[in-house]
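Colleague: I have a model open and want to read its packing step by step. Where should I start?

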Amino acid sequence: MTALFLIAGIIVIAAFRYKGEIQEGYGAVVRSTGPIRSKVVPMPPAYREILTKYFPYYNRLTVNDKSRFEQKLCYIIYSKVFIPRNFDGVTDEMKVLIAATAVQLTFGLNGVYLSHFRRILIYPNDYYSSITKNFHKGEVNPAFGMIVLSWRSFVLSYLKPNPDGVNLGIHEMAHALRLENIIRNDEYQFFNEGLLNQLDAYGHKVCSIQDHEQVRFFRPYACANTHEFFAVAIENFFERPTQLYHEMPGLYNVLCALLNQNPAIYSSNA
Ligand SMILES: [Zn+2]
């Protein structure tokens, strides 16, 4: 009898000691079923309500495309970990709208789910970085497979009355997308290299001194480097596609081909 108590005691102590790892292991098993669950289990009605209420991109899709969007959304929600930082729990609204932004960017790219970026770290507000000594709205950390977002800034990007080509969620997802393309996993090299080179060449041209007029359409930060030009161009592509097409049709067409979609044809932002 004493031996039994002893064994039970050891199991309880071990369970407490490795609670974190057990939870993480359980979470990993649950996430690994995400792709299957997203195919066989219908999307929760609460998710549809959130999309319909807050996500214009989804509302403009055809019935068939809506169902494709929903499946990809569930795949992303079920296979990633959403981590709250400095607040209690991640809400369905947070998960759905952040995942919806990832779906928006990758909607034309079959089999691309930003799978390297398994962790989404959410701060309630802009957060202070002790490394840069600045407040940040978001960042992408490929070493930790993590996308970091300030929820306040994420939401404000969607609440503004007029699109201005600035959208935190799209910006950070664009950085993640470009990095995902060069990470050796199942999603490796989904971009057409020639198109990506054309896009970078556009960036150099637009940011060069003789074409400085054009860069005013983009905010100056677009010219910080190739990665920032890529992210800002994609923000504008989705936020104000018609204007981008009129300003820089060549760049717009390269983005359409690269992302395999054309937001101008289903945008009300004419
Ligand atoms: Zn950036």
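Modeller: Start with one helix pair. This is a predicted model. Look at the residues in contact: Phe69, Lys72, Leu73, Ile76 and Ile77 of H6 meet Lys95, Val96, Ala99, Ala100, Ala102 and Val103 of H7. Sorted by class, this contact of H6 with H7 holds nine nonpolar residues, two charged ones and no polar ones.

Colleague: At what angle do H6 and H7 pack, and how far apart are their axes?

Modeller: The angle is about 115°, and the axes are 9 Å apart. H6 covers residues 63-79 and H7 covers residues 92-106.

Colleague: Is the crossing of H6 and H7 left-handed or right-handed?

Modeller: H6 passes H7 in a right-handed crossing.

Colleague: What else touches H7? I see leucine 51 and alanine 100 on screen.

Modeller: Leucine 51 belongs to helix H4, residues 45-54. Beyond four places in sequence, leucine 51 touches Tyr58, Val96 and Ala100. Val96 and Ala100 are also among the H7 residues that meet H6. Leucine 51 and alanine 100 are 49 residues apart along the chain, yet their C-alpha atoms are separated by 7.9 Å.

Colleague: Is leucine 51 buried or exposed?

Modeller: Count neighbours. The cut-off for buried is 20 or more other C-beta atoms within 10 Å. Leucine 51 has 24 C-beta neighbours inside 10 Å, so it counts as buried.

Colleague: Now a whole helix. How do I read which side faces in?

Modeller: The general idea comes from helix geometry. An α-helix has 3.6 residues a turn, so residues three or four places apart point the same way. Now take H14, residues 249-259. Its buried residues are Leu251, Tyr252, Val254, Leu255, Leu258 and Leu259. They lie on the same side of H14, because they cover an arc of only 160° around the axis.

Colleague: Which residues of H14 are exposed on the other side?

Modeller: Pro249 and Gly250.

Colleague: What covers the buried residues of H14?

Modeller: The cover includes H7, helix H10 (193-207), helix H12 (226-239) and helix H13 (241-247). Take Leu255 as one case. Leaving out residues up to four places away in sequence, leucine 255 touches Ala233, Ile234 and Phe237.

Colleague: How does that fit into the core?

Modeller: Here is the general idea. In soluble globular proteins, nonpolar side chains tend to be buried together. In this model the largest nonpolar core has 62 residues. Leu73, Ala99, Leu149, Ile234 and Leu255 touch the most other members of that core. Leu73 and Ala99 also take part in the contact between H6 and H7.

Colleague: Are loop residues worth checking for burial too?

Modeller: Yes, check them by the same count. Phenylalanine 218 sits in the loop between helix H11 (212-215) and H12. It counts as buried because it has 24 C-beta neighbours inside 10 Å.

Colleague: Which residues does phenylalanine 218 touch, apart from those up to four places away in sequence?

Modeller: Gly165, Val232 and Asn236. Asparagine 236 is 18 residues away from phenylalanine 218 in sequence, and the C-alpha atoms are 7.9 Å apart.

Colleague: And backbone angles? Which way should I read phi?

Modeller: Look for positive phi in residues other than glycine. Leucine 114 is one case, with phi near 55°. Leucine 114 lies in the loop between H7 and strand E2 (119-123). It has 25 other C-beta atoms within 10 Å, so it is buried. Asparagine 260 also has a positive phi, near 55°. Asparagine 260 follows H14. It counts as partly exposed, because it has 13 C-beta neighbours inside 10 Å.

Colleague: Serine 115 is in that loop between H7 and E2 as well. What is serine 115 in contact with, leaving aside neighbours within four places?

Modeller: Asn185, Asp186 and Glu187. Serine 115 is partly exposed, with 18 other C-beta atoms within 10 Å. Alanine 176 is 61 residues from serine 115 in sequence and 9.9 Å away, C-alpha to C-alpha.

Colleague: Last, the whole chain. How many helices and strands are there?

Modeller: The chain has 14 helices and six strands. Buried residues make up 33% of its 270 residues. Among contacts with a separation of 6 or more, 70% join residues 24 or more positions apart.

Technical notes
Residues numbered from 1 in each chain as written. Predicted model: local features only at pLDDT ≥ 70, side-chain atom pairs only at ≥ 80, totals over all residues. Axes fitted to C-alpha atoms, helices over the stretch in contact; angles between N-to-C directions. Helix = DSSP H or I, 4+ residues; strand = E, 2+ residues; numbered from the N terminus. Left-handed = near helix turned anticlockwise from the far one by under 90°. Contact = placed C-beta atoms within 7 Å. Nonpolar A, V, L, I, M, F, W, Y, C, P; charged D, E, K, R; others polar. Buried ≥ 20, exposed ≤ 12 C-beta atoms within 10 Å, placed from the backbone. Arc of directions from axis to C-beta. Core = buried A, V, L, I, M, F, W, Y, C linked by C-beta atoms within 7 Å.
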